[in-house]
Amino acid sequence: MAPPSPITCRPSAARHPLLLRAPAPRVDGPALGLGRALPPTREPLVATRAHVRGIVAAARVWPNRSGREEAARCAAAGQVAGSAGVGRGAGMEVALASAAVVAMGTGNRVLYKLALVPLREYPFFLAQFATVGYVVIYFSILYLRYQAGIVNDEMLSLPHKPFLAVGILEAFGAASGMAAGAVLSGASIPILSQTYLVWQLLLSAIFLKRRYRINQITGCFLVAVGVVITVASGSGTGASLKSTGIVWPLLMILSFFLQAADSVLKETIFRDASKKLKCGSVDLFVVNSYGSAYQALFMCLLLPFLSKLWGVPFHLLPTYIKDGAACFLNMGSISGCEGAPLLPLLFVLVNMGFNISLLHLLKISSAVVSSLAATFSVPLSIYAFTLPLPYIGVASTLPPGFVAGAAVLTAGLLLYSLPQAQHSGNCFHNKND
């Protein structure tokens, strides 16, 4: 059984309506000099009893002593750990957040391809520009939220070691992925990426003590199979994997292991922070900002290695960055940069929106749920490339197994969610995730 999720204090649905109906305190008869006392009202007593029942019910939700004390403290302040109505609202929030991840994930894949049309000679510049840009934008948003009171000093004073670990995992995950991606074919990478879901299931079971039902495991397996069918049909992926040997596919699988560990670590950060912040939850821009800053730091340390992967000698890197910036701005004598800077900027903005929506879904659900939602964008992006997109040229055709693969993937998602999973974020305890 997984440990109870952190408590998020919410207004009690039982307490406040009763207190609002309670009349003002009444002065009794003797105090007014009357012969007998006025009959006392029962409504405040009813409210008190309901409030006590809320404290007891909240304490029963959490089996351990510290959890009961925390639940009772929240309820004593007029808040409870959750209710059926809140559960339905949380389920709707997860559904809307999942839809946002799917939409942003599809746009992210399509716009990355479009952004590389003007920057086809400078993909390494685009990656570094996005990394630095995220740090600037995330910390700007974090500052505004701090000024607005959404982020407080308690959130900013959280230990930085987990954020440092996030930066290391993201940097080395990106580096190993770039190294393998430079050799592997484009069709083989989405297939190998399905190991990401397997790593998340294993790491969640080990570090988060989650126990998955058979329908959830089977659903995740069908999702992975659906992506493989969709991408691999008619692409000759098997032959391309054999031609590259075993080292590069294993390096790509290692990249997805590091990314899965990063997502599970972020979920752990949200859980631990909710306990330390006393019924509060750390703002996701705190996690995004510090994680991106440490990632950028380690990416800078890996620049000599990364530039070599992209065929740019390290001593020529300043010239490459200068030419890439000129092409990004569509200025100077460099030709073939039509579509810049609009397309690269759109990609950076949508990619940032995708990362934010993905982290928000992870915060309110789990790493596995966020991974499943992101995976659903794979067939949608494949279909999007069959549309007459600008700058792409001739639209691609759907692979022969597209319909079958999409059907298997959808069946896997439905199987994972049946019976309907309870919310597993900051308000509810769900031993099955």
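1. Angles between helix axes under 35 degrees count as roughly parallel, over 145 as roughly antiparallel, 65 to 115 as roughly perpendicular, and the rest as oblique. The structure discussed here is a predicted model. Helix α6, residues 123-147, packs against α17 with an angle of about 55° between them. The two helices α6 and α17 are therefore oblique to each other.

2. The same pair can be described further. The axes of α6 and α17 lie 11 Å apart, and the crossing of α6 past α17 is right-handed. On the α6 side the residues that meet α17 are Leu126, Phe129, Ala130, Tyr134, Ile137 and Tyr138. Their partners in α17 are Pro344, Phe347, Val348, Asn351, Met352, Asn355 and Ile356.

3. A second helix pair is α11, which covers residues 214-232, and α19. The axes of α11 and α19 come within 10 Å and cross at roughly 20°. That makes α11 roughly parallel to α19, because an angle under 35 degrees is counted in this way. The crossing of α11 and α19 is left-handed. From α11, Val227, Thr230 and Val231 take part, and they meet Val378, Pro379 and Ile382 of α19.

4. Helix α19 spans residues 377-384, and Ser377 belongs to it. Is Ser377 buried or exposed? Ser377 is buried, with a relative accessible area of 1%, because buried means under 20%. The side chain of Ser377 makes a polar contact of 3.5 Å with the side chain of Arg109. Beyond neighbours within four places in sequence, Ser377 is in contact with Val102, Gly105, Thr106 and Arg109. Arg109 thus appears both in the polar contact and in the list of contacts.

5. Ala373 sits in helix α18, residues 367-375. Ala373 counts as buried, at 8% relative accessibility. When residues up to four places away in sequence are not counted, Ala373 touches Ser98, Val101, Val102 and Leu361. Val102 is named for Ala373 and also for Ser377. The C-alpha atom of Ala373 is separated by 9.7 Å from that of Ala95, and these two residues are 278 residues apart along the chain.

6. How many disulfides does a search of the whole structure find? The search finds one disulfide. The disulfide joins Cys327 to Cys337, with an S to S distance of 2.1 Å. Cys327 is in helix α16, residues 317-328, while Cys337 is in the loop between α16 and α17, where α17 is 342-364. The two cysteines are 10 residues apart, and the pair is described as linking distant parts of the chain. The torsion about the S-S bond of Cys327 and Cys337 is about -115°, so the disulfide is left-handed.

7. The accessibility of the cysteines can be set side by side. Cys327 counts as buried at 0% relative accessibility, and Cys337 counts as buried at 2%. Cys220 is buried too, with a relative accessible area of 3%. Cys300 is partly exposed, with a relative accessible area of 49%. The value for Cys300 stops short of exposed because that word is kept for values over 50%.

8. The loop between α16 and α17 holds further points to check. Where is Pro341 placed? Pro341 is in the loop between α16 and α17, and a cis peptide bond joins Ala340 and Pro341, with omega about 0°. Asn330 has its place in the loop between α16 and α17. The phi of Asn330 is near 55°, a positive value in a residue other than glycine. Asn330 counts as partly exposed, at 39% relative accessibility. Cys337 of the disulfide is also found in the loop between α16 and α17.

9. Tyr391 is another residue with a positive phi although it is not a glycine, and its value is about 70°. Tyr391 lies in the loop between α19 and α20, where α20 is 402-416. Tyr391 is partly exposed, with a relative accessible area of 47%.

Conventions. Residues numbered from 1 in each chain as written. Predicted model: local features only at pLDDT ≥ 70, side-chain atom pairs only at ≥ 80, totals over all residues. Heavy atoms only, no water. Disulfide = S-S within 2.5 Å. Helix = DSSP H or I, 4+ residues; strand = E, 2+ residues; numbered from the N terminus. Buried < 20%, exposed > 50% of the residue type's maximum accessible area, 1.4 Å probe, protein only. Polar contact = N/O pair within 3.5 Å; in protein donor to acceptor, adjacent residues only side chain to side chain. Contact = heavy atoms within 4.5 Å. Axes fitted to C-alpha atoms, helices over the stretch in contact; angles between N-to-C directions. Left-handed = near helix turned anticlockwise from the far one by under 90°.
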